[in-house]
Amino acid sequence: MTELDLRGFRILPGYLDAGRQAALVSALRDVVAQAPMFAPVTPSGKAMSVRITSAGRYGWVPGRSGYGYARTHPQGQEWPPIPQILLEAWRDLVSTARDPECCLVNYYGAGARMGLHQDRDEADFNWPVLSVSLGDEGLLRIGNTARGGSTVSHWLQSGDVVVMGGPARLTYHGIDRIRFGSSSLLPKGGRLNLTCRVVD
């Protein structure tokens with residue numbers, strides 16, 4: 001496995017092998033059964049093109065009142081535990097001192113994308129964000145710590161892991177598009193992106 005560095009984003013291609021990818025998809029089915037995916041809405045009232053849910057102590061729940069974390073799903077139930085495979089990846093690549101408190105699950109269907117944004121709803125930016133790609137390939141775009149300027153792009157494949165830490169922790173990034181149907185991991189196609197974060 002050849003590790004890549006793009007503007008401080010640590011990219012580990014194929015970190016999860018086929019067996020662990022399949023096991024993680026199975027674990028995520030249990031997560032979704034307990035905390036169904038929903039369509040998030042931005043504070044401006046615009047619907048996002050991804051569908052989301054979460055696992056862990058907190059879930060990320062955007063809405064008309066702003067972006068932030070909640071202890072419960074919009075339906076009222078607590079979030080299910082973070083799958084063990086993700087905790088093992090976090091302990092291997094980020095830290096054994098503290099586990100993540102949220103795993104945000106984004107599902108990208110055909111035509112879904114994510115505009116350039118910062119992950120800045122957490123209390124302590126010293127903790128990296130760990131991102132796992134499953135399913136169809138997604139075109140990651142990496143910008144700068146302020147809006148504007150040049151960007152670089154990289155196709156993420158199923159099983160790839162990205163660690164955003166240090167100076168890159170507040171870098172703008174997004175997913176421009178996916179290659180729908182490029183992977184057979186998810187029976188109905190699409191891409192899952194799992195981002196693990198320390199919240200408090």
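What follows is a conversation about pockets, cores and single residues in a predicted model.

Reader: Before I look at anything else, what volume does the largest pocket have?
Author: In this predicted model, the largest pocket has a volume of about 750 Å³. Its lining is made up of 37 residues, and the ones closest to the centre are Met-48, Trp-60, Met-114, Gly-115 and His-117.

Reader: And which strands each supply at least two residues of that lining?
Author: The strands β6 (102-108), β7 (114-117), β11 (161-164), β12 (173-179) and β13 (191-197) each supply at least two residues of the lining of the largest pocket.

Reader: How do the residues of that lining divide into nonpolar, polar and charged?
Author: For the largest pocket, the division is 17 nonpolar, 11 polar and 9 charged residues.

Reader: Now the second largest pocket: what is its volume, please?
Author: The volume of the second largest pocket is about 310 Å³. There are 13 residues in its lining, of which Arg-29, Met-37, Tyr-107, Leu-186 and Leu-192 lie closest to the centre.

Reader: Which element gives the most to the lining of the second largest pocket?
Author: That is helix α1, which contributes 4 residues; α1 (18-34) and β6 each supply at least two residues of this lining. By class, the lining of the second largest pocket holds 9 nonpolar residues, 1 polar residue and 3 charged residues.

Reader: Let me move to the interior. Which residues touch the most other members of the largest nonpolar core?
Author: In that core, which has 29 residues, Leu-24, Val-132 and Leu-194 touch the most other members. Two or more residues of this core come from each of α1, α2 (84-93), β6, β8, β11 and β13, and α2 gives the most, with 6 residues. There is also a second, separate core of 26 residues, and Ala-112, Leu-156, Ala-168 and Ile-175 are among them.

Reader: What does Leu-24 touch, if I ignore residues up to four places away in sequence?
Author: With those set aside, Leu-24 touches Leu-16, Pro-83, Ile-85, Leu-86, Val-132, Leu-134 and Leu-194.

Reader: You mentioned α2, so which of its residues are buried?
Author: In α2, the residues Ile-85, Leu-86, Leu-87, Ala-89, Trp-90 and Leu-93 are buried. The elements that cover these buried residues of α2 include β2, α1, β6, β8, β11 and β13.

Reader: Going back to α1, is Gln-21 buried or exposed?
Author: Gln-21, which sits in helix α1, counts as buried because its relative accessible area is 10%, and the limit for buried is under 20%. Apart from neighbours within four places in sequence, Gln-21 is in contact with Leu-16, Leu-134, Ser-158, Gly-159 and Leu-185.

Reader: I also noticed Ser-133; where is its place?
Author: Ser-133 belongs to strand β8 (residues 129-135), and it counts as buried because its relative accessibility is 1%.

Reader: Which side chain does Ser-133 join in a polar contact?
Author: The side chains of Ser-133 and Arg-191 are joined by a polar contact of 2.8 Å. Not counting residues up to four places away in sequence, Ser-133 touches Leu-156, Gln-157, Ser-158, Gly-159, Asp-160, Arg-191, Leu-192 and Asn-193.

Reader: Turning to loops, where is Arg-113?
Author: Arg-113 lies in the loop between β6 and β7, and it counts as partly exposed because its relative accessibility is 40%. Arg-113 and Ile-175 are 62 residues apart in sequence, while their C-alpha atoms are 5.4 Å apart in space. Beyond its neighbours within four places in sequence, Arg-113 is in contact with Ser-49, Val-50, Tyr-108, Ile-175 and Asp-176.

Reader: One last region: what is the phi of Arg-7?
Author: Phi of Arg-7 is near 50 degrees, a positive value in a residue other than glycine. Most residues other than glycine have a negative phi. Arg-7 is placed in the loop between β1 (4-6) and β2 (9-12), and at 32% relative accessibility Arg-7 counts as partly exposed.

Reader: And which residues is Gly-143 in contact with, leaving aside neighbours within four places in sequence?
Author: Gly-143 is in contact with Arg-7, Ser-150, Thr-151, Thr-171 and Tyr-172, those neighbours left aside. Gly-143 is found in the loop between β9 (137-142) and β10 (152-156), and it is buried, with a relative accessible area of 5%.

Technical notes: Residues are numbered from 1 along each chain as its sequence is written. This is a predicted model: local features need pLDDT of at least 70, side-chain atom pairs count only at pLDDT 80 or more; totals for chains, interfaces and linings use all residues. Side-chain values use heavy atoms; hydrogens and water are left out. Buried means under 20% relative accessible area, exposed over 50%, partly exposed in between (1.4 Å probe, protein chains only). A polar contact is a pair of N or O atoms within 3.5 Å; within protein, one must be able to donate a hydrogen and the other to accept it, and residues adjacent in sequence count only if both atoms are side-chain atoms. Contact means heavy atoms within 4.5 Å. On a 1 Å grid over the protein atoms alone, a cavity is a set of points where a 1.4 Å probe fits but cannot get out, and a pocket is an open set with protein on both sides within 12 Å along at least five of seven lines; lining residues have an atom within 4 Å of a point. Grid points are joined across faces, edges and corners, and a volume is the space filled by probe spheres set on the points. Ala, Val, Leu, Ile, Met, Phe, Trp, Tyr, Cys and Pro count as nonpolar, Asp, Glu, Lys and Arg as charged, and the others, Gly among them, as polar. A nonpolar core is a set of buried Ala, Val, Leu, Ile, Met, Phe, Trp, Tyr and Cys residues joined through side-chain atoms within 4.5 Å.
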